[in-house]
Amino acid sequence: MSEVVQKGLIIVDQEFNEKEDAIQSLISRALASGKIKDEKNFYKAVRQREEEVSTAIGYSIAIPHGKSEAVLEPFVAFARNVREFQWGEEDDSKVRLVFMIGVPNESSQLHLKFISQLSKKLLDEEFREKLLTLDSIEDILYQLKTIKL
């Protein structure tokens, strides 16, 4: 599962102003990394899930995710914004760290396992602080790989 998180799936110190910017950027990374085959199809799955209920979970974190036939390999992408930004119009959630999870349709409960393991790790204040302050993508990748997926 170590290939679920890869260097090419990490964006650091971006200037997203809204949820759509973050989602589109992470989907583009997933396409460039060979994790998805169709941006529009996967985007539709992520947006559909986001419309059900916001994926902002507190602690300045959002975990947008989608299950789609467009996903070739399960992945977790990560983005750190330079500042907090409004995640949704329906609530006042502010986000700075965004984790995007993508799984193929045939992976019945895999996305739930990813979300569960990621959420447990994100409760660790020291872990969150490292993701907010580490300078290099390699160091961030190392931290992300400590999540037992």
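**Notebook: His65, Leu31, a pocket and the overall fold**

I started with His65, which sits in strand β4, residues 65-68. Note to self: this is a predicted model.

**His65.** Is His65 buried or exposed? I get a relative accessible area of 9%. The cut-off for buried is under 20%, so His65 counts as buried. Next I looked up what its side chain reaches. There is a polar contact of 3.1 Å between the side chains of His65 and Arg49. The His65 side chain also gets to the backbone oxygen of Ile63, at 2.8 Å. So I have two entries for this side chain, one to another side chain and one to a backbone atom.

**Leu31.** Then I moved to helix α1, where Leu31 is found. Its relative accessible area is 32%. Buried needs under 20% and exposed needs over 50%, so Leu31 goes down as partly exposed. Which residues does Leu31 touch, leaving out those up to four places away in sequence? I find Ile36, Lys37, Asp38 and Glu39. I also checked Leu31 against Ile57, which is 26 residues away along the chain. Their C-alpha atoms are separated by 25 Å.

**Largest pocket.** I looked up the volume of the largest pocket and got about 200 Å³. Its lining is made of Glu18, Lys19, Glu20, Arg47, Glu50, Glu51, Gln86, Trp87, Gly88, Glu89 and Glu90. What does that lining look like by class? Eight residues are charged, two are polar and one is nonpolar. Helices α1 (19-32) and α2 (39-52) each give at least two lining residues. The largest share is from α2, with three residues. Leu31 is in α1 as well, but the pocket lining from that stretch includes Lys19 and Glu20.

**Whole chain.** Zooming out, I count five helices and six strands in the protein. Along the sequence the order reads β-α-α-β-β-β-β-β-α-α-α. I checked the size too: the C-alpha atoms fill a box of roughly 35 × 35 × 25 Å along the principal axes. Why do I call the protein a compact globule? For 149 residues the rule gives a radius of gyration near 15 Å, and the protein has 14 Å, so the two agree. As for burial, 47% of the 149 residues are buried, and His65 is one of the buried residues. Last lookup, contact range: of the contacts between residues at least 6 apart in sequence, 68% join residues at least 24 apart.

Notes:
Residues numbered from 1 in each chain as written. Predicted model: local features only at pLDDT ≥ 70, side-chain atom pairs only at ≥ 80, totals over all residues. Heavy atoms only, no water. 1 Å grid on protein atoms, 1.4 Å probe; cavity = no way out; pocket = protein on both sides within 12 Å on 5 of 7 lines; lining within 4 Å. Points joined across faces, edges and corners; volume = space filled by probe spheres on them. Helix = DSSP H or I, 4+ residues; strand = E, 2+ residues; numbered from the N terminus. Nonpolar A, V, L, I, M, F, W, Y, C, P; charged D, E, K, R; others polar. Buried < 20%, exposed > 50% of the residue type's maximum accessible area, 1.4 Å probe, protein only. Polar contact = N/O pair within 3.5 Å; in protein donor to acceptor, adjacent residues only side chain to side chain. Contact = heavy atoms within 4.5 Å. Rg over C-alpha atoms; globule rule 2.2 N^0.38 Å.
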